[in-house]
Amino acid sequence: MNDPAYKLLLSTLVRQFASSEQSPSIDEIRGLALQLAPLLKYGGPIEPLVTEARENISHRLGVGVSLVLKEAGHDSDWVRKRDINWVYSDNYEKYLMEDGLPGRVVETLMQVSLKVASHLQDPLKEGRWDRRGLVIGHVQSGKTANYLGLVARAADAGYRFIVIVAGIHNNLRMQTQERVDAGFVGRVSSAIVRERLTQLGRTSNIGVGTYSGHPYPVTLTTTDSDFRKAIANTTGSALKDWSKPVVIVIKKNVSTLKALNGWLKDFNREVGQTQIADVPMLFIDDEADNASVNTNKPELSPTSTNKLIRETLSLFHKSSYVGYTATPFANIFINPDAYDQDTLKDLFPRHFIHCLDAPTNYFGADRLFLDEDRGRRHLRHIRDCEDVIPLKHSKDHGIDELPASLRKAIRVFFLVRAIRNLRGQTGKHASMLINVSRFTDVQKDVRRLVETYRTTLAEAIEANGALSETDALRNAHLRDLHATWQEEFSESDERWPEVQSQLHDAASSIRAVVVNSKSDEGLNYGEYAERGEALNVIAIGGLSLSRGLTLEGLAVSYMYRNTRMYDTLLQMGRWFGYRPGYEDLCRVWLSDESIGWYSHIAESTDELRDTIKEMNRVGASPEKFGLMVQSHPDALLVTAANKMRDAQELPLSISYDGKLMETYIVPDAVATTEQNIELYKALWDSLNSEHASRRIGSADASKPYCRVWRGVPLEILSNFLASFASHPDRRPAIASAIGYLRKTAADFPTGDIAFMSLKGQTASPLLLGDFRMEVQRRQAGFDKDGNQIRKPVAAGGYFVTSKHRVAGRGDESVGLTPEQVERAHRVAAEDAKPVSDRHYRHVDVRGRPLLMLHLLEITDPRDERQVLLQGAPAIGISFPHTGHYRTVEYVVNKVMLDQMRADLEDGPDEGDDFDREDMPS
């Protein structure tokens, strides 16, 4: 609802219950809402308000953890020791509360902003200093709200020149400027909007500016205009005494950064060398992994964007740089010792890294890709797009029709809008995302076909929607909508007759737009909100929709894109975020391979955050964290393509600390299968004859159908791995795993071995004495075309699922004692997460490596009745998490590099949606 009375009543309810330890019941909230409604002059429906209030009241936010470099000259308690008037911070906190953010979340967010501010330098400290830091958030999780809290804290403490760099596209800069105007400046910056408000007799004060006595900062940019020297020069008088903070919001663009840099130098020359140099400066680099990182070789000058940021920082004797990102991999690869004579130190976060927690109502990658129940509810597979819009296509690729899956996604969006209307959310924005091409001409064609189909549905609803259900369903398009409702939403509380009654209003308000740097169409949510209306939009784009931009009320996403780069893929996930009152309606269409990669990345980023927590416990520095990330087995996937462009082979120093290595490519050669089966039998016989005392009874209590040997000599594991016939693409990983076992042998001289099995009587088990080792069914992974089973280049075989995982959830608990399982639960509780296989790898749980032997049946994911491979051995080895991060060498050959380069070629090209002026050089 955009009704001011609705917002006021909602924020009042949230504040009333914010301090209670236990969440109130729905009846308690409803009772108070009914009492307050007439007092606050709210006459609308109560139930939608009560539902939203309950969601807001019940959610929490953790403070997060930091890695901080302890050094002389920095006192982390300076924010508490000084007597600071927190006027900007208090106003911002009040604004967030009145905007309906959950009370406990606001309280913690402000604690986080204070904690991060303590990592900056005290702006009143004399002498020359600089700080470099990084804040890691989640995609679409509220990083802007967090750094606005930091901006408010910094301004209160005495930072007087604040630069916010907001992505590489105009639409993201404008969106960020609107947030800064409301949460910090307090006035509408757009001259056009101010004039319109004046004509209506309304004030241009917004957000924090509506509070009495708010000290308006000086702003040198507006929603209409990026930084310009001419505009900045008109504010010269305000920059003489620096009594108020100055804030600018700029695009991460070479020409804009040059203009800012030149103006700062000119200003110094005009008013005296110390005017700018002695002013404490805070530089917020949003999406800090994008364009800011220097990708040139060490012997070359830095890239232009990186160099200009460093030059701007060097103009100030007192500066703090804080990068914000949800995908920090590139930042951690910055050389901490890099130094350029002109631009001084690089942007490595040497002083601190802070990892933000996401609120409990965050709809993130782990919910969508690691929670199987939620995944089934929300994820849909794209298997019909390749013939229409191939993953690899040219800028002049023609499209004559939409894939059936995309037409269904559009119907789902119509239904979502109708159902949300029934839920009292008519005033809330609703969006659909379509991202199938980076080329603007292809996007225009998609928009044309989407608009044609949208119009067809709208006309069918106009003509038939008001008829009885029986008569309406005589129309083919209404039948399609009804069938889609049955498939997707029949279990929701809303019945079809109610949904049908809302289809006309839903269909008449939806429009399709292209969102890219060449389009004059925009996602003008603010203008609609001003009129008290909802924007209902199908947004079609590519790169412009792939980073930073928030799609309000995003409910349906359709993405058919191809990349394995962690940061690119995660940032494409605009569907992450908050979905109050309609999370159950959200649907995401992806290819099978993308679902697999998202699952893999979700697990890897979870590991990364858990590692920060582990390092925080032992007081590790950011540099230690950087070394850990660079030694991660997946390092190749997160390294920029231009860092390995000319390589014939690539040596990597990797660590298996706390990791699981699996042979997730299964060879299809019969001889290889038979050789590995004989190896299984030989290992079984050897363990039974020489280590019978180490076998756990007849079965393991946690995995009763498996057989486990505990504490066998490490050389047995190493010798088995050396003899196992893997697919050629997994041999380097096995070799490095053997090397890691040897390197850690002093700490872990023994390991566990488990023959994994399930309950059941399959047609072809492997008989090992009295033990039936049953086959485990797994789907084969899809190739990049989305419709053919993978046949890797070097040899035939199948990927084990699109997630490239062999073990099932919980398999790594095999062989653990009840006491060890309890310890894993305690470790998980410290992380405030459900227990997972990562927790079983903790050194205080199992305390040694685990070798798991599997027998797989590989099926065709398009028809699970078709068995592609029967009784194929596959293995995995799990290493304890110690925090030592010892490394072994891993050499990637040219074949694998070529495969990786193919995955990394999804970048800007002529005719795409990347504005050449925006391109960081």
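**Two helices meeting, and one tucked away**

On helix α7, the residues T144, A145, Y147, L148, V151, A152 and A155 meet T176, R179, V180 and F184 of helix α8. Sorted by character, the residues of this contact are 8 nonpolar, 2 polar and 1 charged. Keep in mind, as you look around, that this is a predicted model.

Why might contact residues recur at intervals along a helix? An α-helix has 3.6 residues a turn, so residues three or four places apart point the same way. With that in mind, try finding T144, L148 and V151 among the α7 residues that meet α8.

Now step back and see how the two helices lie. Helix α7 covers residues 143-157 and helix α8 covers residues 170-185. Their axes are 11 Å apart, and the helices pack at an angle of about 50°. Because of that angle, α7 counts as oblique to α8. The crossing of α7 past α8 is right-handed.

Next, let's travel along the chain to helix α13, residues 304-314. How much of α13 is buried? Of its 11 residues, 8 are buried, so the helix is largely enclosed by the rest of the structure. The buried ones are T305, N306, L308, I309, R310, E311, T312 and L313.

Finally, have a look at two cysteines. Are C385 and C706 buried or exposed? C385 has a relative accessibility of 1%, and because buried means under 20%, C385 counts as buried. C706 also has 1% relative accessibility, so C706 is buried by that cut-off. As for disulfides, the count comes to 0.

Terms used
Residues are numbered from 1 along each chain as its sequence is written. This is a predicted model: local features need pLDDT of at least 70, side-chain atom pairs count only at pLDDT 80 or more; totals for chains, interfaces and linings use all residues. Side-chain values use heavy atoms; hydrogens and water are left out. Axes are lines fitted to C-alpha atoms, for helices over the stretch in contact, and angles run from 0 to 180 degrees between N-to-C directions. Helices (H or I, at least four residues) and strands (E, at least two) are DSSP runs, numbered from the N terminus. Angles under 35 degrees count as roughly parallel, over 145 as roughly antiparallel, 65 to 115 as roughly perpendicular and the rest as oblique. A crossing is left-handed if the near helix is turned anticlockwise from the far one by less than a right angle, and right-handed if clockwise. Contact means heavy atoms within 4.5 Å. Ala, Val, Leu, Ile, Met, Phe, Trp, Tyr, Cys and Pro count as nonpolar, Asp, Glu, Lys and Arg as charged, and the others, Gly among them, as polar. A disulfide is a pair of cysteine sulfur atoms within 2.5 Å. Buried means under 20% relative accessible area, exposed over 50%, partly exposed in between (1.4 Å probe, protein chains only).
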